[in-house]
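Me: Please take a close look at the pocket in this structure and describe what surrounds it. I would also value a word on the chain that holds it.

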Amino acid sequence: MCTASFLWMAALLPWGNYALSIAPPPMKVLVTGASGKTGRLIFEALLEDPTKFKACGLVRSVQSAKALRKMVSNTGLDQIVICDITVIDDGNDKTNNNNVPSGLDGCDAMIICTSAMPVINKLSLARAFLKAPINMIRGKKAFDFRSLKFDWKGGQYPEKVDYQGQKAQIDLAIKLGMKHVVIVGSMGGTDPRNFLNSIGKNKDGTGNGDILLWKRKAEKYLVEQAKKHSLDYTIIHPGGLKDDPSGEKKFVLDVDDNLIQRQQKSISRADVASLCLASLTVGKGQKVALDVITADRDSQEPPGSTASTGQTAEEALQDFLAKKRVYEYA
């Protein structure tokens with residue numbers, strides 16, 4: 001059949017009733033800190049939806065890579081990148097790619113799950129146990145958790161990981177032309193006196209602490225860079241993280257640590273993963289920061305609450321965006 005005849009026949013076909021639907025290619029998403037508890041769940045959730053997402057996990061060591069492949073059995077070698085995020089190229093030299101890990105070409109988005117990890121100082125733990133009988137005799141709490149001293153795993157303290165490391169990741173995302181950056185942080189960043197900021201400090205206030213303040217400083221950096229570049233972002237501040245299954249409770253979203261005053265202020269890591277994925281779809285094209293916890297499905301919001309709620313992460317985020325809530329970073 002000649003080309004002209006084919007085109008003539010094609011013109012007679014009712015294409016309006018059979019419109020060709022070409023699905024967009026899956027979004028390639030880099031998850032940093034993919035071997036951590038929350039990062040792994042996000043990485044796994046991306047793998048479970050291959051029509052929408054192409055997952056790539058960044059871990060710090062070969063040991064972490066092996067652990068990730070063991071926990072997520074369908075992970076291929078080409079889906080893992082090994083790199084120390086604290087020494088990633090700072091992004092200022094646009095022609096130098098020597099420090100850019102291979103395998104990141106074509107990434108559309110980055111989900112940052114890296115964080116300094118506190119570990120209990122063994123000497124302080126021993127002292128606390130020795131004091132327990134004395135405390136009980138004196139009518140005090142036998143074991144005071146806040147009396148313990150913490151160090152940082154591998155010497156990776158907050159300023160290095162939660163600020164310098166996240167800043168380097170943001171620069172890398174911009175350098176590689178990614179369109180969306182998601183940060184999984186923590187509630188409490190508006191209060192310098194939050195207990196978490198004391199972790200890693202000595203009694204005189206010296207030492208490597210202030211984890212929430214360093215996280216907030218990195219978030220401010222992202223907000224500033226997003227104004228200069230074509231970059232969307234979602235900054236997620238979850239409440240206390242739990243290892244419960246996803247989908248058992250409703251989502252509650254708010255801003256400026258309003259939720260931290262509630263008696264119940266926790267969320268499962270799996271639900272955080274769901275919100276991260278929702279931020280890449282429902283939150284596409286947005287610049288937003290929010291706090292999130294979950295609550296019983298039939299619970300009522302307290303009087304005067306301005307929080308957004310939803311039975312799913314997508315519903316809650318849609319409601320939040322519709323209300324145009326703004327997180328204050330002054």
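Reply: The pocket is described below, followed by the chain and its aromatic pairs.

The model is predicted. Its largest pocket encloses about 1600 Å³ of space. The lining of this pocket is made up of 48 residues, and those closest to the centre are Cys113, Ser115, Ala116, Met117 and Pro118. Several elements give two or more residues to the lining. The helices among them are H2 (37–47), H3 (62–71) and H6 (211–228); the strands are E2 (53–59), E5 (118–120), E6 (150–152) and E9 (240–242). By class, the lining comprises 23 nonpolar, 18 polar and seven charged residues.

The chain as a whole has eight helices and 13 strands. Of its 330 residues, 45% are buried. Among contacts with a separation of 6 or more, 80% join residues that are 24 or more positions apart. The exposed area of the chain is about 18100 Å², of which carbon and sulfur atoms supply 53%.

Two aromatic pairs are present in the structure. In one, Tyr163 and Trp214 are tilted, with 5.6 Å from centre to centre and 35° between the planes. Because Tyr163 lies in helix H5 (residues 158–175) and Trp214 in helix H6, this pair ties together parts that are 51 residues apart in sequence. Tyr163 is buried, at a relative accessible area of 16%. Tyr327 and Tyr329 also form a tilted pair, because their ring centres lie 4.9 Å apart with the planes at 40°. Tyr327 is buried at 7% relative accessibility, and Tyr329 is buried at 14%.

Methods:
Residues numbered from 1 in each chain as written. Predicted model: local features only at pLDDT ≥ 70, side-chain atom pairs only at ≥ 80, totals over all residues. Heavy atoms only, no water. 1 Å grid on protein atoms, 1.4 Å probe; cavity = no way out; pocket = protein on both sides within 12 Å on 5 of 7 lines; lining within 4 Å. Points joined across faces, edges and corners; volume = space filled by probe spheres on them. Helix = DSSP H or I, 4+ residues; strand = E, 2+ residues; numbered from the N terminus. Nonpolar A, V, L, I, M, F, W, Y, C, P; charged D, E, K, R; others polar. Buried < 20%, exposed > 50% of the residue type's maximum accessible area, 1.4 Å probe, protein only. Contact = heavy atoms within 4.5 Å. Areas by Shrake-Rupley, 256 points an atom, 1.4 Å probe, with all protein chains shown as cover. Phe/Tyr/Trp six-rings, centres within 6.5 Å; stacked < 30°, edge-to-face > 60°.
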